[in-house]
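Colleague: I am new to this one, so could you walk me through it? Please go slowly and explain the terms as we meet them.

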Amino acid sequence: MSTTARNDTSGELVEISEAEATVDPVAGQALRPQSKSGADRFMRRLLRLPEGTTSTAAEARSAFQKSLAFTTCRCLLMYIVLPFVLPAVGIARGVGPVVGIVIGILAMVSIVYSIRRFWRADHSKRWHYTVFGTTIIAFLIWATIADSIDLFS
């Protein structure tokens, strides 16, 4: 069975096979129909995602790598630079909680952004990363509360 599609370069209609219609021309990957399970539909509504796949797996991996790098920088700052390096030099006393709150909030936003990318791409590991990201967000919320208590007490 074949279908017709408009050729973007010449504007003419060309026939393509059904197998060709299921391949993403940019990424070269097979397009998968979006999952329709109840849990998947719930997560898409929770993340406020539009219907249909609007992202690629490569974009999801890129967002994951960026959020992981951001969280790594946060941990290095909070657990190595601020408590040990800067006080040894004699600066940055008492700024740890403020920096921790700001960096923690930015890390949470970054993780939510990457979770949305995984779901928008209908990535095969979207549930795995959602659990991983949610666990990290829970830790960051705990750290933000602890920093807030330390800051205001």
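Colleague: In which helix is Asp147 found?

Modeller: This is a predicted model, where local features need pLDDT of at least 70, side-chain atom pairs count only at pLDDT 80 or more, and totals for chains, interfaces and linings use all residues. Residues are numbered from 1 along each chain as its sequence is written, and side-chain values use heavy atoms, with hydrogens and water left out. Helices (H or I, at least four residues) and strands (E, at least two) are DSSP runs numbered from the N terminus. On that numbering, Asp147 belongs to helix α5.

Colleague: Is Asp147 buried or exposed?

Modeller: Buried means under 20% relative accessible area, exposed over 50%, and partly exposed in between, with a 1.4 Å probe and protein chains only. The relative accessible area of Asp147 is 14%, so this residue is buried.

Colleague: Which residues is Asp147 in contact with?

Modeller: Contact means heavy atoms within 4.5 Å. Leaving aside neighbours within four places in sequence, Asp147 is in contact with Met78, Pro97, Gly100 and Ile101.

Colleague: How do α4 and α5 run relative to each other, parallel or antiparallel?

Modeller: Axes are lines fitted to C-alpha atoms, for helices over the stretch in contact, and angles run from 0 to 180 degrees between N-to-C directions. The axes of α4 (residues 96-120) and α5 (residues 126-152) come within 9 Å and cross at roughly 165°. Angles under 35 degrees count as roughly parallel, over 145 as roughly antiparallel, 65 to 115 as roughly perpendicular and the rest as oblique. That is why α4 is, relative to α5, roughly antiparallel.

Colleague: Which helix gives the most to the largest nonpolar core?

Modeller: A nonpolar core is a set of buried Ala, Val, Leu, Ile, Met, Phe, Trp, Tyr and Cys residues joined through side-chain atoms within 4.5 Å. The largest one has 14 residues, and Leu47, Ile111, Ile115, Trp119, Tyr129 and Leu140 touch the most other members. Both α4 and α5 supply at least two residues each. With six residues, the helix that gives the most is α4.

Colleague: Trp119 touches which residue of α5 that counts as buried at 8% relative accessibility?

Modeller: Not counting residues up to four places away in sequence, Trp119 touches several residues, including Asp40, Leu47 and Arg126. Arg126 lies in α5. With a relative accessibility of 8%, the residue that counts as buried is Arg126.
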